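Here is a colleague's note for someone opening this entry for the first time. Please keep the structure in view while reading.

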Amino acid sequence: MHADTIAAFSGGSLPAAIGVVRVSGPLACAIGDAIFAPYAKKLITKCENNKLYYGKLLNGDGKTLDFCLAALFRAPRSYTGEDMLELYCHGSRAVVEAALRRAYALGARPARAGEFTQRAFLAGKLDLARAEAVADLIDARSEREAINAAMMLDGALSRELVALRDALTAMTAHFYAVCDYPDEEIDPFAYDEARASLRRACTRLDALHDSFARGSVLREGVPVAVVGRPNAGKSSLFNALSGGEHAIVTDEAGTTRDVLERLVSLGGGLVRLLDTAGIREAESKAERIGVDRALNAAKTARAVICVFDASQPLTNDDRRAIAESEGTLRCAVLNKSDLPARVTIDELDGFDAVFSLSALTGEGIAPLAAWLAALVPDDDDLLVTSPRQAALLRAAADDLRAAAQSAEQGMTADAFLADVERAARTLGEITGDNASPDIAAAIFSRFCVGK
Ligand code: GDP
């Protein structure tokens, strides 16, 4: 239990419909009694724990600031494991600020970023991997990301790693017991069995490590390059797909020189559209850089959308875009379908799909959106999203691989057990059992104030 009490606003930007104020620490009960007057009882400390009560929020003079809901979560049955008060008042800047001022006057201090979750971690309420999942859940921009973070928060990864670490510890303990107590009746150390289980553990850790690449796609979006000559309507398409006006729509050629990125939520996942400079024979140096970036983006993207102005006959620039995007999964967009057509589908060979649409009116955009949504990975495997966890998973897998190899080469057992012990410690760093305070601090600083 910490000696000091912390308080913070735990919502988003004010004003809002509802504002949540949290207080955690030894003074939470006293602060609750001073600032909240429930209708059901005289004091919130006389009310039941973990239940919502309606009442009055009071300022220092006993004047009513707001009518709100409050709950008292007494230690240890709270998020932080300490006494906690939560107030759900109107999301008024004045009300929230007055409530916080009052909490500070009564002895609380402003909470630092992530401090509630840090206290939860220190109280053993959640391990480090699950704390990281809290941050992932808050940051999630797609449904799939949220579901993955929720699985992590539920402890899917932690449980597996703890079980694996326990098995490794049991393996080393068994070995040492056999060595240290040769006269006792202990089952002999089965090398074959140990090797086989080390190999199995390696395979699983490798799979978890490899899920990080897919986890990155989940977090950053499936990269899709939008290429086409100037004025084909790339920026307009970009806007039509993302439903906004953030890319520049212009009649001038060559103004979009940089690669603009736009995240679009499609099919429960994210697609990262890379709006590239018009592919054409560049005149200036700056344009050349833009064109190079466009070509590069097209090469590294998961798929390419080639946009054509279908109201004009195909040009050499169009043919270049077709040639450059070859070899990648790609679709052709015959844009400006609201104008008389001058390009036919037969002219566009080698595309995985062709869509005729108008970026201006939005007509025909849905099939393209569906094609893009299908690029979002739809497996529901647990995906590691933290680079920290991925690096530790790799390190642990490497140690176990080395251990299995030593065992296979007939090395003495204590040589390979050193690797097993190191792997077990590394797994412990993922869940935070033996992570340094610096690592923990870095993780919690990722949070916003109030979480
Ligand atoms: P970009 O250079 O490829 O990014 O092309 P823009 O999106 O800037 O569009 C070039 C011009 O074509 C602008 O004047 C747009 O308003 C216009 N435009 C884009 N899409 C359409 C469309 O579907 N129909 C019509 N009629 N005009 C369009």
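The points below go from the sheet to its helices, then to a helix pair and two single residues.

1. Status of the model. This is a predicted model. Please read every point below with that in mind.

2. The sheet. Start with the open sheet of 7 strands. Its order is β3-β4-β5-β6-β2-β1-β7. The pairing is mixed. At the edges sit β3 (36–38) and β7 (109–110), and each of these pairs on one side only.

3. The β3 edge. β3 has β4 (residues 52–58) as a partner. The two are antiparallel, with 3 bridges between them. To find the register, look at Ala37: Lys56 of β4 stands opposite.

4. Strand β1 and its hairpin. β1 and β2 make a hairpin, with 6 residues between the two strands. They run antiparallel and are joined by 4 bridges. Ile6 has Ser24 as its bridge partner in β2.

5. The other side of β1. Towards the β7 edge, the pairing is parallel: 2 bridges join β1 to β7. Ile6 appears again here, with Arg109 as its bridge partner in β7. So which residues of β1 point which way? Ile6 and Ala8 point one way, while Ala7 and Phe9 point the other way. All four are buried.

6. Helices on the sheet. Two helices deserve a look. Helix α1 (residues 28–35) lies across β2 (16–24), β3, β4, β5 (64–73) and β6 (84–91). Its angle to β6 is about 35°. Helix α3 (residues 115–122) lies across β1 (6–9), β2, β6 and β7. Its angle to β1 is about 135°. β2 and β6 are crossed by α1, and β2 and β6 also lie under the list for α3.

7. A helix pair. Move on to α7 (residues 191–220) and α13 (residues 413–431). Their axes come within 13 Å and cross at roughly 35°. The crossing is left-handed. From α7, the contact uses Tyr191, Leu198 and Leu205. From α13, it uses Ala413, Phe416, Val420 and Leu427. What classes of residue make this contact? There are 7 nonpolar residues, no polar ones and no charged ones.

8. Asn148. This residue belongs to helix α5 (residues 143–153). Is Asn148 buried or exposed? Asn148 counts as buried because its relative accessible area is 1%, under the 20% cut-off. Beyond its neighbours within four places in sequence, Asn148 is in contact with Leu218, Asp381, Leu382, Leu383 and Thr385. For a sense of the fold, take Ile430 as well. Asn148 and Ile430 are 282 residues apart along the chain, yet their C-alpha atoms are separated by 17 Å.

9. Ser311. Look for Ser311 in the loop between β11 (303–309) and α10 (316–324). Why does Ser311 count as buried? Its relative accessible area is 12%, and the cut-off for buried is under 20%. The side chain of Ser311 makes a polar contact of 2.5 Å with the side chain of Asp309. Leaving out neighbours within four places in sequence, the contacts of Ser311 are Asn335, Lys336, Leu339, Pro340 and Arg342.

Technical notes:
Residues are numbered from 1 along each chain as its sequence is written. This is a predicted model: local features need pLDDT of at least 70, side-chain atom pairs count only at pLDDT 80 or more; totals for chains, interfaces and linings use all residues. Side-chain values use heavy atoms; hydrogens and water are left out. Two strands pair if DSSP finds at least two bridges between them. Contact means heavy atoms within 4.5 Å. Axes are lines fitted to C-alpha atoms, for helices over the stretch in contact, and angles run from 0 to 180 degrees between N-to-C directions. A crossing is left-handed if the near helix is turned anticlockwise from the far one by less than a right angle, and right-handed if clockwise. Ala, Val, Leu, Ile, Met, Phe, Trp, Tyr, Cys and Pro count as nonpolar, Asp, Glu, Lys and Arg as charged, and the others, Gly among them, as polar. Buried means under 20% relative accessible area, exposed over 50%, partly exposed in between (1.4 Å probe, protein chains only). A polar contact is a pair of N or O atoms within 3.5 Å; within protein, one must be able to donate a hydrogen and the other to accept it, and residues adjacent in sequence count only if both atoms are side-chain atoms.
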